[in-house]
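I'm opening my notebook on this one and jotting down what I look up as I go.

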There are 2 protein chains.
Amino acid sequence: MNTIKDFNEVVDRLKAAGICRRVAVVSPRDKATIKAVRQAAQEGFIDPVTLDDDNPKLAAEKAVSLAQNGEVDMIMKGLVPSEILLKAIIRYKGGLLPDGNMLTHTACASFSEYHKLLFYTDAAVIPFPTHEQRVRQVGYMVALCHAMGIEEPRISLIHCSEEVDERHFPYTAGYREIVQMAKQGQFGKCVVDGPLDLKTSCSAESLKVKGIVSPINGEADALIFPNIESGNVFHKTITLFNGAKLASLLQGARVPVVMTSRADAPETKYYSLAIAAALGTVNE
Amino acid sequence: MNTIKDFNEVVDRLKAAGICRRVAVVSPRDKATIKAVRQAAQEGFIDPVTLDDDNPKLAAEKAVSLAQNGEVDMIMKGLVPSEILLKAIIRYKGGLLPDGNMLTHTACASFSEYHKLLFYTDAAVIPFPTHEQRVRQVGYMVALCHAMGIEEPRISLIHCSEEVDERHFPYTAGYREIVQMAKQGQFGKCVVDGPLDLKTSCSAESLKVKGIVSPINGEADALIFPNIESGNVFHKTITLFNGAKLASLLQGARVPVVMTSRADAPETKYYSLAIAAALGTVNE
């Protein structure tokens, strides 16, 4: 399978593969979390372990312990402040971050104006990724796409144009390095190109109009944004104006972390569980 | 009139007001420019002055001269490299920038998922506006909205969240200052709020879900983006995925400058002429 049309296909694939992940659910005290967990368990791709405590810090630390001991494959945030869960993931008894890893936010959107799932990072966690952080983001993204069954994901490094402009945008020089690293096989099987803008990443027609050739050919599976604001604007524009369905997770820890926000619909939490279940513990 | 539904309304208003601007058209050698200029002249809101020369630099300098002498009200780029026209505007015999002014890109979008025209800056010219540049952007935006007949424009200062975070995002502290300046009347009649994200700027429902109160109330007329990448991603996302119709101009010079790109449709150039004609020479 080389593209995934929508989230239903993700769930179908999990079921066909007989995947069932053990999930530490931290303080499932809100309806949306309870509903999403119940649905995912009914579909059979997760086996939830409920961790509830009037002190949410203790529940978060218990989840981290279980992940450290290999007793769960994923963590999901319920009604607990993100800071508390993040602190436990980073620090509690050595935390869950392998040396040199970092937490980054990866989202996945499904909307009718694009013909397949579109992954992107980072709309929510790292404000201004350094070159080293961006290299890791690309690595995490390739791992996620591979886990989703996309054999050779097309990953676009986003900028406002297709020109490297080291003076005004030093990261565009970094993009060229990342493209070279990808060609040398450093990320496994994938196609990475950039700088490309949003349109030349996602539209073969736009590429043609600009007279540009890109191996992505307007068929990006994933977008790497230069900073959190551009990622966040994309995230919110397609949600508000295209009714995009979303899933998201934190990558970089030993286990994927589903950390949607309180305002998110049960559907978003459910799809996030599906994406995280597909990823499994590949970052270990 | 307090909102403008679409570009047709802009043209109707120009015609009703009997506005006709003299436009220096620099090297109209491409079909899209010729078509847009002809249509705008037929509708009666521009009176074109064609400046053509095998040396485009001379045509650009002639346009700047005419604007300096008050013989034209606007400049439009045809088939001439942007750098050449910009250089003339900035430097030729003192150029066209009043002291302390800067050139910034302002765009205007019309798409069915939003109920009125949506203005935004800066998707194309200033990479990372300083606080002082942002203050000017807000001033230019208010002037444009007023010229369009929007009596009290609602202007949103975009960020990924609604929190001022001086440590990670120093510009959000600047946002707070700009909100205060607006309250003190520094920009004339307008409502400025921020930081707000894209959704809480453009959706009352999103505001409500987040439990936030904003005088913009999800009804932004204009968005000020923190940097060029976020503005550019917005620009290209709504074009690609919402089929947005666009107009754009450069503000900051003594006369508005229509500087669309070669790939833009005649329609975009035509709407840009209409927006620029509505603005007139208010920056003088």
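**Salt bridges first**

I started with Lys210(B), which counts as partly exposed because its relative accessibility is 39%. Note to self: this is a predicted model.

I then looked for the partner of Lys210(B). Its side chain meets that of Asp197(B) in a salt bridge, 3.0 Å from N to O. Lys210(B) is in helix H8 (residues 204-210) of chain B, while Asp197(B) is in the loop between strand E7 (191-196) and helix H7 (198-202), and the two are 13 residues apart. Is Asp197(B) buried or exposed? I found 1% relative accessibility, so Asp197(B) counts as buried.

Next I went to chain A. There, Lys210(A) has a salt bridge with Glu162(A), at 2.8 Å from N to O. Again the pair links distant parts of the chain: Lys210(A) belongs to helix H8 (residues 204-210), and Glu162(A) to the loop between strand E6 (154-158) and helix H6 (170-183), 48 residues apart. Lys210(A) is partly exposed at 39% relative accessibility, but Glu162(A) is buried at 13%.

Which residues share a network of salt bridges with Lys210(A)? I wrote down Glu162(A), Asp197(A) and Lys236(B).

One more pair: Asp73(A) and Arg22(A) form a salt bridge, with their closest N and O atoms 2.9 Å apart. Asp73(A) sits in the loop between H3 and strand E3 (74-77) and Arg22(A) in strand E1 (residues 21-26), so the pair ties together parts that are 51 residues apart in sequence. I have Asp73(A) as buried, at 14%, and Arg22(A) as partly exposed, at 32%. Over all chains, the structure holds 24 salt bridges.

**Two helices in chain A**

I checked how H3 (residues 56-68) and H4 (residues 82-91) of chain A pack: the angle is about 35 degrees and the axes are 9 Å apart. H3(A) passes H4(A) in a right-handed crossing. From H3(A), the contact includes Pro56(A), Ala60(A) and Val64(A); from H4(A), it includes Ile84(A) and Leu85(A). By class, I get seven nonpolar, two charged and no polar residues in this contact.

**Ser82(B)**

Back in chain B, I found Ser82(B) in helix H4 (residues 82-91). It counts as partly exposed, at 23% relative accessibility. Beyond its neighbours within four places in sequence, Ser82(B) is in contact with Lys77(B) and Met259(B). How far apart in space are Ser82(B) and Ser261(B)? Their C-alpha atoms are 8.5 Å apart, although 179 residues separate them in sequence.

**Record check**

Last lookup: an unreviewed UniProt entry lists residues 58-277 of chain A as "domain: Phosphate acetyl/butaryl transferase". I noted that this span is 41% helix and 17% strand, with its end C-alpha atoms 24 Å apart.

Methods: Residues are numbered from 1 along each chain as its sequence is written. Chains are lettered from A and ligands numbered from 1 in the order in which they are written. This is a predicted model: local features need pLDDT of at least 70, side-chain atom pairs count only at pLDDT 80 or more; totals for chains, interfaces and linings use all residues. Side-chain values use heavy atoms; hydrogens and water are left out. UniProt positions are given in the numbering used here, feature names are shortened, and annotations may be inferred rather than shown by experiment. Helices (H or I, at least four residues) and strands (E, at least two) are DSSP runs, numbered from the N terminus. Buried means under 20% relative accessible area, exposed over 50%, partly exposed in between (1.4 Å probe, protein chains only). Contact means heavy atoms within 4.5 Å. Axes are lines fitted to C-alpha atoms, for helices over the stretch in contact, and angles run from 0 to 180 degrees between N-to-C directions. A crossing is left-handed if the near helix is turned anticlockwise from the far one by less than a right angle, and right-handed if clockwise. Ala, Val, Leu, Ile, Met, Phe, Trp, Tyr, Cys and Pro count as nonpolar, Asp, Glu, Lys and Arg as charged, and the others, Gly among them, as polar. A salt bridge is a side-chain nitrogen of Lys or Arg within 4 Å of a carboxyl oxygen of Asp or Glu.
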